Amino acid sequence: MLDSVSSLAMRSALDGLALRQRVTANNIANVNTPGFHAQRVSFEDALARSVSMGNGSVQATTDTSLEPTRLNGSNVNMDTETLSNIDTVLRFQFAARAVEGPFTSIRTALRSN
């Protein structure tokens, strides 16, 4: 159960989303740092390919954002970071519930006996 493709995929998704939350927080913390370039985390396409090949395990990657820079050389866009944060939180909550589901069923079955 813990080594199934679904479990590995959900674990990879949670790891990727957690990394995205840390990167978004770092981007926001550096919004006024001259010359700072925002980072972006990607893993969804690699995860889809991995699942289609029967694996489900991937590492998220971080790249520098190519968004235009402001006068101080920073390219952190607070609108983009805010939307990314909201999207990531919702996805993380959904994935966490999906991971929790089988364990809740087992826990319920054990308590009923």
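**Helix packing, core and salt bridges**

Valine 51 is partly exposed, its relative accessible area being 37%. The model in which this value was computed is a predicted one. Valine 51 belongs to helix 2, which covers residues 44-52. Although valine 51 and valine 5 are 46 residues apart along the chain, their C-alpha atoms are separated by 6.8 Å. When neighbours within four places in sequence are set aside, the contacts of valine 51 are Val5, Ala9 and Gly56.

Two of these contacts, Val5 and Ala9, recur in the packing of helix 1 against helix 2. Two packed helices are described by the angle between their axes and the distance between the axes. For helix 1 and helix 2, the axes come within 11 Å and cross at roughly 170°. Helix 1 is therefore roughly antiparallel to helix 2, because angles over 145 degrees count as roughly antiparallel. On the helix 1 side, the residues that meet helix 2 are Val5, Ala9, Ser12, Ala13 and Arg20. Their partners in helix 2 are Glu44, Leu47 and Val51.

The largest nonpolar core of the model has 8 residues, namely Ala9, Ala13, Leu17, Val23, Val41, Phe43, Leu47 and Val58. Helix 1 gives the most to this core, with 4 residues. In soluble globular proteins, nonpolar side chains tend to be buried together. Ala9, Ala13 and Leu47 are among the core residues, and these three residues also take part in the meeting of helix 1 with helix 2. Alanine 13, apart from its neighbours within four places in sequence, is in contact with Phe43 and Leu47.

Charged pairs were examined next. Side chains of opposite charge can pair when their charged atoms come close. Over the whole structure, 4 salt bridges are found. One of the salt bridges joins glutamate 44 to arginine 20, with the closest N and O atoms 2.8 Å apart. Because glutamate 44 lies in helix 2 and arginine 20 in helix 1, the pair ties together parts that are 24 residues apart in sequence. Arginine 20 has a relative accessible area of 11% and is buried, since the limit for a buried residue is under 20%. Glutamate 44, at 29% relative accessibility, counts as partly exposed.

A salt bridge also forms between the side chains of arginine 40 and glutamate 67, at 2.9 Å from N to O. This pair links distant parts of the chain, 27 residues apart. Arginine 40 is in strand 1 (residues 39-42), and glutamate 67 is in the loop between strand 2 (61-64) and helix 3 (78-112). Arginine 40 is partly exposed, with a relative accessible area of 25%, and glutamate 67 is partly exposed at 24%.

Arg40 and Glu67 are part of a network of salt bridges that includes Glu81. Glutamate 81 lies in helix 3 and is buried, with a relative accessible area of 0%. Its side chain makes a polar contact of 2.9 Å with the side chain of arginine 40. Another polar contact, of 3.3 Å, joins the side chains of glutamate 81 and asparagine 27. Beyond its neighbours within four places in sequence, glutamate 81 is in contact with Thr24, Asn27, Ile28, Ala38, Arg40 and Val76.

Within helix 3, the side chains of arginine 91 and aspartate 87 meet in a salt bridge, with an N to O distance of 2.8 Å. Arginine 91 and aspartate 87 are 4 residues apart in helix 3, so about one helical turn separates them. Arginine 91 counts as partly exposed at 41% relative accessibility. Aspartate 87 is likewise partly exposed, at 33%.

Glutamine 21 follows arginine 20 in the numbering and is found in helix 1, which covers residues 5-29. At 26% relative accessibility, glutamine 21 counts as partly exposed. Not counting residues up to four places away in sequence, glutamine 21 touches Thr88, Val89 and Phe92. The C-alpha atoms of glutamine 21 and serine 105 are separated by 29 Å, and the two residues are 84 residues apart along the chain.

Note on methods. Residues numbered from 1 in each chain as written. Predicted model: local features only at pLDDT ≥ 70, side-chain atom pairs only at ≥ 80, totals over all residues. Heavy atoms only, no water. Helix = DSSP H or I, 4+ residues; strand = E, 2+ residues; numbered from the N terminus. Buried < 20%, exposed > 50% of the residue type's maximum accessible area, 1.4 Å probe, protein only. Contact = heavy atoms within 4.5 Å. Polar contact = N/O pair within 3.5 Å; in protein donor to acceptor, adjacent residues only side chain to side chain. Core = buried A, V, L, I, M, F, W, Y, C linked by side-chain atoms within 4.5 Å. Axes fitted to C-alpha atoms, helices over the stretch in contact; angles between N-to-C directions. Parallel < 35°, antiparallel > 145°, perpendicular 65-115°, else oblique.
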